[in-house]
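Trainee: I'd like a close look at a single part of this model, and then how that part sits in the rest of the chain. Could you walk me through it in one go?

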Amino acid sequence: MFSVKNNKLVVEKASMRDICEVVYALVSLIPQGCVVSYSCIARILGTTPRPVAWCLRRNKLLIAIPCHRVVYSDGRVGGYTGASTLFKRQLLEYEGVLFEPNGRVSRGCFLDLEKYLGLKH
């Protein structure tokens, strides 16, 4: 299903269900007060951000699998299944995520998930 190659978690010959399981596992590792980008998760999986977003749109366990902690790489909040972007922002603020005056997530709240997982030095 997946392996580590060149310090990247690579999903090989996997169904979208398999990919989503790995995405959900990765997202579950993001601590409160931090966010990661769709593209960061995609880099870990060796794919593009679209499959990551596809999986998170189908997350049935909102909050338990904290997909609200995944944002655009430029700090925009992005969508949130079943609710508004305002609700997603409020969840993030409640968890301690800081926002810039322009409404984007503060760069200091981005977690380098690859480094956090020991996939890069």
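Trainee: Is helix α2 (residues 38-45) mostly covered or mostly uncovered, and how many of its eight residues are buried?

Mentor: Mostly covered: six of the eight residues in helix α2 are buried, where buried means under 20% relative accessible area, exposed over 50%, and partly exposed in between (1.4 Å probe, protein chains only). Before the details, bear in mind that this is a predicted model, in which local features need pLDDT of at least 70 and side-chain atom pairs count only at pLDDT 80 or more, while totals for chains, interfaces and linings use all residues. Residues are numbered from 1 along each chain as its sequence is written, and side-chain values use heavy atoms, with hydrogens and water left out.

Now the helix. The buried residues of α2 are Y38, C40, I41, A42, I44 and L45. Right after α2 comes G46, with a positive phi near 70°.

Just before the helix you have strand β3 (residues 36-37), and that is where confidence in the chain is highest, at a mean of 98; pLDDT is the predictor's confidence in each residue, from 0 to 100. S37 belongs to β3 and is buried, at a relative accessible area of 7%. Leaving aside residues up to four places away in sequence, S37 touches V70, V71, Y72, S73 and F110, a contact being heavy atoms within 4.5 Å. L62 is another matter: S37 and L62 are 25 residues apart along the chain, and their C-alpha atoms are separated by 17 Å.

Next, look at α3 (49-57). Its buried residues are P51, V52, A53, C55 and L56, and they pack against α1 (16-28), α2 and β4. So that you can trace these elements: helices (H or I, at least four residues) and strands (E, at least two) are DSSP runs, numbered from the N terminus.

Follow the chain on into the loop between α3 and β4 (70-71) and you'll meet I63. I63 isn't a glycine, yet its phi is positive, about 75°. This residue is partly exposed, with a relative accessible area of 47%.

Stepping back, the chain has five helices and four strands, in the order β-β-α-β-α-α-β-α-α from the N terminus on. With 121 residues, a compact globule would have a radius of gyration near 14 Å, and the chain agrees at 14 Å; that radius is taken over C-alpha atoms, and the globule rule is 2.2 Å times the number of residues to the power 0.38. Along the principal axes, the C-alpha atoms fill a box of roughly 40 × 35 × 20 Å. Buried residues account for 43% of the 121. Among contacts between residues at least 6 apart in sequence, 56% join residues at least 24 apart.

One caution about the other end of the confidence scale. The chain averages a pLDDT of 90, and 93% of the residues score at least 70, but strand β2 (residues 8-11) is where confidence is lowest, at a mean of 66. Where pLDDT is low, the predicted coordinates should not be read in detail. N7 sits in the loop between β1 (2-5) and β2 and is partly exposed, with a relative accessible area of 40%.
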